[in-house]
Amino acid sequence: MDLAYTPEQQAFRAEVRAWMEANAPKEPLVTLEREEGYNQHVAWERTLASGNWGMVTWPEAYGGRGLDLIQWLIFEEEYFRAGGPNRANQNGIFLLGPTIMEFGTDEQKARFLTPMAKGEIIWAQAWSEPGAGSDMAAITSKAERDGDYYVLTGQKTWSSRAAFADWGFGLFRTEAGSKRHKGLSFLLFDLNSPGITRRPIRQLHGDTGFAELFFDEVRVPVANRLAGEGDGWGIAMATAGFERGLMLRSPARFQATAQKLVDLFKEKGANAPPSAREAVSAAWMGAQAYAYNTYSVASKIIAGGHIGAEASLNKIFWSELDRSMHRAAMQILGAAAELRVLADDSINAWLEGYIFSLSGPIYAGSNEIQRNIIAERLLGLPR
Amino acid sequence: MDFRLTEDQTVLVEGVRDWLTGVHGPDTLRALDETPSRRSAEIAQGLVEMGLPGLLASESAGGLGLTTVEAVLIAIEAGKAGLAEPMIDSAFVALPILAAAGKTDLVAAIASGEAKVALQHPINPWIADLEGATHLLSAEGGQLSIGTAPSSTALDSVDPLRRLFAPVAASGEAIDASADALLDRAALFAAAQALGAADAMLAQAVEYANTRQQFGQPIGAFQAIKHHCATIAVAIEFARPVVLRAAYAVEHGEPNAAIHISHAKLAACDAAYAAGETAIQVHGAMGYTYEVNLHFWMKRAWALAGGWGDRAFHLDRVESAITGSMPIGPAATFA
């Protein structure tokens with residue numbers, strides 16, 4: 001165990017800090033779930049890319065910096081320390097990107113990764129269907145082969161970012177009559193293709209971050225299939241691992257929330273209930289614990305290890321931590337918590353954040369599914 | 001920056017774990033429970049033969065010259081085994097304090113197993129294992145003193161294998177160390193043992209859930225049972241690096257080590273309490289019997305959680321630090 005940063009790591013931190021201080025937005029952006037805010041966030045992705053900060057762990061050939069996961073954690077710490085916005089392209093850079101890196105052909109890597117790192121193409125995910133939520137193997141959307149094309153028919157839902165994004169990825173049934181996990185393929189498609197209808201879904205907070213997608217004979221080149229026909233399930237599980245595991249929610253995000261909660265408590269906590277008071281300390285402790293655990297996992301991965309079902313432990317921890325931190329803020333704000341004071345981000349961010357935190361235990365695989373995975377694959381309880 | 005254990009640390013821990021699994025299983029706990037002294041000379045001797053009482057003593061004092069991180073890793077294993085022998089208090093808590101205070105002869109005697117040091121601090125209404133100790137390290141008025149162990153009235157613990165005694169008037173020689181140093185080290189090792197106990201209780205719950213049949217299948221096939229167990233697995237997973245990080249902070253004399261210890265104690269003891277409640281629930285009525293082994297670990301967890309600063313004490317320390325001058329936030333992970 002060596003919990004000291006090397007001089008190189010410290011120098012890297014200083015480099016990120018200087019760049020973020022010079023370039024990070026001075027005012028909070030409008031929410032990513034609204035078109036105006038989405039456009040602001042995409043512009044920020046391009047600013048990030050102009051400094052070559054799009055995805056620091058990727059090879060230089062694909063718009064990255066070829067850095068390791070400890071450096072990625074340092075980058076994220078400095079990013080959130082400077083108040084960096086949520087990443088408009090998180091479905092791309094954190095989920096699809098690592099999946100393409102592992103399963104894509106060289107041609108697909110060149111074609112998709114660089115524009116992703118540069119923020120030129122923003123990605124939406126398209127896993128769930130009306131009849132396939134937690135039971136994702138019940139997918140019925142199909143892709144029928146027609147020469148060098150697949151013809152997509154069906155419906156996806158809860159498709160994050162799909163209201164505004166450029167491209168999407170998801171699983172489609174390429175083998176007619178196949179059941180469950182078999183016969184599924186992982187396809188990438190242009191959301192502006194003829195035959196795709198997007199219907200934005202109004203979310204709890206009133207905005208439209210995700211959408212339903214309807215596919216009516218949408219033609220997608222076979223070259224847009226990741227790995228082999230019928231191999232989709234295994235690849236999707238790998239993507240889900242990235243999502244629940246290391247990258248989607250870096251510890252710095254929660255450390256920043258915990259810090260803001262401590263500040264709120266210092267400012268307005270005099271009459272907070274004892275439970276909120278304890279939750280403030282628990283917020284710092286939880287965010288720190290998540291950080292230590294992530295450093296520990298990153299150290300193992302750098303040494304050649306990998307993260308499997310352990311990702312489910314992470315997902316439960318950060319999603320429940322986020323919810324409890326925001327609930328504590330709501331309790332500290334008391335009667336003011338319900339006010340939608342859009343002009344005062346110090347109040348409004350807690351309400352918006354609390355609403356968003358309620359989605360954490362659901363997306364990326366509900367926490368009930370994660371608990372099943374932990375019980376069956378880590379603890380060895382019967383399926 | 002590397003949060004992994006070293007190869008040497010892994011080998012050491014596995015050796016101790018294997019030994020404890022062999023000689024300190026549930027049958028041993030039950031046998032000790034029938035022994036008036038609750039202690040076994042063979043187990044004490046076995047620990048000495050592995051060199052563990054001298055783990056933190058320098059090689060010139062006949063020790064292994066290892067660090068608080070290794071000691072904490074062993075304390076986690078001790079917690080898993082429900083170790084009753086008071087080696088941790090003597091060798092992992094008292095020894096480094098005595099070594100720093102220049103008590104070279106006593107350090108060598110602890111390392112060789114000849115001396116055992118019991119601990120007294122006003123935060124606890126008891127002294128553990130005073131009988132059987134040669135020395136008492138005592139905190140009073142913020143300072144520590146060391147002297148020969150007096151006798152005192154025995155107190156009953158809910159933990160059948162803990163032996164407690166009423167506090168005594170300190171009468172030893174003052175040493176140059178603070179009462180807080182004793183409290184912090186003891187709290188760290190309580191956290192480590194609680195983490196091990198949580199792990200052991202989860203393992204027992206899972207084993208029972210895999211074997212007990214109801215409705216024609218193992219009860220572990222039901223989601224209600226799975227989700228209970230998974231929740232404890234999450235708590236343990238995220239307590240462990242906190243305990244290790246606290247050990248590292250102590251070893252490296254970090255300025256906020258005491259806060260990391262409080263964090264570790266809260267995380268590990270909360271996990272242990274929850275593991276006990278969950279494991280009982282999974283065992284059903286069997287869990288409420290003395291016959292099932294679970295209670296040994298559960299009662300130990302209660303004792304560890306209450307001693308060396310209870311929940312309120314450690315929460316207060318954390319709150320004061322994070323609302324005070326300690327650096328917090330995304331770029332202060334290892335501050």
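Reader: Across the interface of domain 1 of chain A and domain 2 of chain A, how many residue pairs are in polar contact?

Author: The model is a predicted one, and pairs here count if both residues have pLDDT 80 or more. On that basis the rule finds, between domain 1 of chain A and domain 2 of chain A, five residue pairs in polar contact.

Reader: By class, how many residues on the side of domain 1 of chain A that touches domain 2 of chain A are charged?

Author: That side of domain 1 of chain A has three nonpolar residues and one polar residue. The remaining class, charged, has three residues.

Reader: Where does the domain assignment of chain A put domain 1 and domain 2, and how far apart are their C-alpha centres?

Author: Domain 1 of chain A is assigned to 7-88 and domain 2 to 123-233, with domain 3 at 245-378. Seven residues of domain 1 of chain A and nine residues of domain 2 of chain A take part in the contact. The C-alpha centres of domain 1 and domain 2 of chain A are separated by 29 Å.

Reader: What share of the area buried between domain 1 of chain A and domain 2 of chain A do carbon and sulfur atoms give?

Author: Domain 1 and domain 2 of chain A bury about 720 Å² between them. Of this area, the carbon and sulfur atoms give 47%.

Reader: Which residue forms a salt bridge with Arg161(A)?

Author: Side chains of opposite charge can pair when their charged atoms come close. Between domain 1 and domain 2 of chain A there are two salt bridges. For Arg161(A), the closest N and O atoms of the pair are 3.4 Å apart, within the 4 Å limit of the rule. The partner is Glu33(A).

Reader: How many residues apart in sequence are the parts that Arg161(A) and Glu33(A) tie together?

Author: Over all chains the salt-bridge count comes to 33. Arg161(A) sits in the loop between strand S3 (149-160) and strand S4 (167-173) of chain A, and Glu33(A) in the loop between helix H1 (7-23) and helix H2 (35-50) of chain A, so the pair joins parts whose separation in sequence is 128 residues.

Reader: Which UniProt annotation covers residues 124-218 of chain A?

Author: Over residues 124-218 of chain A the chain is 0% helix and 51% strand, with the end C-alpha atoms 17 Å apart. Residues 6-120 of chain A, by contrast, are 63% helix and 0% strand, and UniProt annotates them in an unreviewed entry as "domain: Acyl-CoA dehydrogenase/oxidase N-terminal". For residues 124-218 of chain A the unreviewed UniProt entry gives "domain: Acyl-CoA oxidase/dehydrogenase middle".

Reader: Which three residues of chain B supply more of the area that chain B buries against chain A than any other three?

Author: The contact involves 53 residues of chain A and 49 residues of chain B. Chain B and chain A bury about 4,700 Å² between them, with 68% of it on carbon and sulfur atoms. Of the area that chain B buries against chain A, 18% comes from Met1(B), Phe238(B) and Pro330(B).

Reader: Which residue of chain A meets Arg311(B) in a salt bridge?

Author: Three salt bridges are counted between chain B and chain A. In one with Arg311(B), N and O are 2.6 Å apart, and the side chain on the chain A side is that of Glu278(A).

Reader: Which helix gives the most residues to the side of chain B that touches chain A?

Author: Chain B and chain A have 21 residue pairs in polar contact. Helices H7 (179-211), H8 (223-251), H9 (257-283) and H11 (311-322) of chain B each supply at least two residues of the side that touches chain A. With 15 residues, the one that gives the most is H8(B).

Methods. Residues are numbered from 1 along each chain as its sequence is written. Chains are lettered from A and ligands numbered from 1 in the order in which they are written. This is a predicted model: local features need pLDDT of at least 70, side-chain atom pairs count only at pLDDT 80 or more; totals for chains, interfaces and linings use all residues. Side-chain values use heavy atoms; hydrogens and water are left out. Contact means heavy atoms within 4.5 Å. Buried area is the accessible area (1.4 Å probe) that two parts lose on being put together, summed over both. A polar contact is a pair of N or O atoms within 3.5 Å; within protein, one must be able to donate a hydrogen and the other to accept it, and residues adjacent in sequence count only if both atoms are side-chain atoms. Helices (H or I, at least four residues) and strands (E, at least two) are DSSP runs, numbered from the N terminus. Domain bounds come from an automatic or database domain assignment. Ala, Val, Leu, Ile, Met, Phe, Trp, Tyr, Cys and Pro count as nonpolar, Asp, Glu, Lys and Arg as charged, and the others, Gly among them, as polar. UniProt positions are given in the numbering used here, feature names are shortened, and annotations may be inferred rather than shown by experiment.
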